[in-house]
Amino acid sequence: MKICVLPGDGIGPEIMAEAVRVLDALALGCELERGLLGGGAVDATGDPYPEATRKLARAADAVLLGAVGGPKWDALPREQRPERGLLGIRKELGLFANLRPAILYPELANASTLKPEVVAGLDILIVRELTGDIYFGQPRGIEVRDGERYGFNTMHYTESEIRRIGRVAFEAARRRNRRLCSVDKMNVLETTQLWRDVMTELAPEYPDVELSHMLVDNAAMQLVRAPKQFDVIVTGNMFGDILSDEASMLTGSIGMLPSASLDERNKGLYEPCHGSAPDIAGKGVANPLATILSVAMMLRYSFGLEEAAQRVEAAVKRVLAQGYRTGDIHEPGTRRVGTREMGDAVLAAL
Ligand code: IPM
Ligand code: MG
């Protein structure tokens, strides 16, 4: 089990340190190799996804990533922005299936801004297509046309791209509550009319899964109105980006949510859903749980180590039950801890 570890920028190195301690404690015999991605990589090499990291990532069985980006690199040209490194590694490794579970731990019901009864017991999975759509579509750019600046991007999907993410979502729904909601904007965008058609064509192959369709604006509304109506949501790259941030907040903190991005053979990149949080970087207060839970997803999806994955998840549940909270999920009556202490608590629970 070769793992490429990319701590990244901002709080990345701090949260990754705790995730690696958890991995070490499991003593599974993983081989870790560290590399640079994002702003740190730009500073060191001029490239947010340098050749040395490409080699490591290609040779690894899985990639564990912290977070990239920060205001320091905001003024750089687009090709050098840290986010380019992240988009580059996703695309190059063919990681088209992004799984973003949003689970509300009962202990955190009050951390959500929604009423506890609306979110209690919430357990949804967003399956986001990750290597197509307007994120990668050509042509794109900003040009001067007819004497004024003109910005343009291209949204497109082929039916095979839609079919393969659809299959991942139907399979995931099969292992859960067998309900799949496909989200599109077919009333306006042709690309997403094709999305809906292909999802509908796939449905007969999965007669045990109930497929429904929803327009993205309505889905955004339903997610805060009655989120428990959803089991699995499948959608394109851009809608998935937006809806997954929204879904994360149902659970109280984006600091709790892991993610997996998989290729066709379950090679995967695992990262927290949150960003690099430059405002709290280096202060030792960031929540490492999303990264630790990303380790659990890695053990499950890339290495088939279900039991080890469950041990990590159980340890996280235990520390929450014991009352340990980082600042993002802290409430009166619980014990406020920093990144390292949270890592210590997880190790003790393991
Ligand atoms: C995410 C992030 C990225 C995305 C950014 C950092 C490029 O928001 O993983 O959701 O838009 O995919
Ligand atoms: Mg996002």
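A salt bridge here is a side-chain nitrogen of Lys or Arg within 4 Å of a carboxyl oxygen of Asp or Glu. By that rule E264 pairs with R164, with 3.4 Å between the closest N and O atoms. Keep in mind that this is a predicted model, where local features need pLDDT of at least 70, side-chain atom pairs count only at pLDDT 80 or more, and totals for chains, interfaces and linings use all residues. As for bookkeeping, residues are numbered from 1 along each chain as its sequence is written, chains are lettered from A and ligands numbered from 1 in the order in which they are written, and side-chain values use heavy atoms, leaving out hydrogens and water.

Let's start with the overall layout. The protein splits into domain 1 (1-96 + 263-350) and domain 2 (104-124 + 159-256), with bounds that come from an automatic or database domain assignment. Their C-alpha centres sit 24 Å apart. Counting a contact as heavy atoms within 4.5 Å, 16 residues of domain 1 touch eleven residues of domain 2. The buried area, meaning the accessible area (1.4 Å probe) that two parts lose on being put together, summed over both, is about 1400 Å² between these domains, and carbon and sulfur atoms give 63% of it. One salt bridge is counted between domain 1 and domain 2.

Next, the inside. A nonpolar core is a set of buried Ala, Val, Leu, Ile, Met, Phe, Trp, Tyr and Cys residues joined through side-chain atoms within 4.5 Å; buried means under 20% relative accessible area, exposed over 50%, and partly exposed in between (1.4 Å probe, protein chains only). The largest core has 83 residues, and M256, M298 and L299 touch the most other members. Its largest share, eight residues, comes from helix α10 (residues 289-301), where helices (H or I, at least four residues) and strands (E, at least two) are DSSP runs numbered from the N terminus. Both domain 1 and domain 2 put at least three residues each into this core. Leaving aside neighbours within four places in sequence, L299 contacts L23, L26, L28, G304, L305, A308, A309 and V312. Apart from the largest core lies another one, of 15 residues, including C4, V63, I89 and L269.

Now for some strands, which count as paired if DSSP finds at least two bridges between them. Strand β3 (residues 62-67) is mostly covered, with six of its six residues buried. Strand β1 (residues 2-8) runs parallel to β3 and is joined to it by five bridges; L6, for instance, has L65 as its bridge partner in β3. β3 is also joined to strand β12 (residues 268-272), again parallel, by three bridges, and L64 partners Y270 there. Strands β6 (residues 141-145) and β7 (residues 148-152), on the other hand, run antiparallel with five bridges. E143 stands opposite Y150 in β7, and D146, in the hairpin with two residues between the strands, takes a positive phi near 50°.

Two buried residues are worth a visit. V232 lies in strand β10 (residues 232-235) and counts as buried because its relative accessibility is 0%. Its C-alpha atom is 5.8 Å from that of I124, although the two are 108 residues apart along the chain. N237 belongs to helix α9 (residues 237-250), and it too is buried, because its relative accessible area is 0%. Not counting residues up to four places away in sequence, N237 touches R128, E129, L130, T131, G132, D133, Y135, F136 and Y157.

Back to charges: the whole structure holds 24 salt bridges. R340 and E18 meet in one of them at 2.8 Å, N to O, and this pair links helix α12 (residues 339-349) with helix α1 (residues 12-26) across 322 residues. R340 is partly exposed because its relative accessibility is 45%, whereas E18 at 3% counts as buried. R58 pairs with E51 at 3.4 Å between the closest N and O atoms, and E92 also meets R58, at 3.4 Å, N to O. That second pair joins E92 in helix α4 to R58 in helix α3 (residues 51-59), 34 residues apart. E92 is partly exposed at 32% relative accessibility. Elsewhere, salt bridges that share partners tie E18, R21, R340 and D344 into one network.
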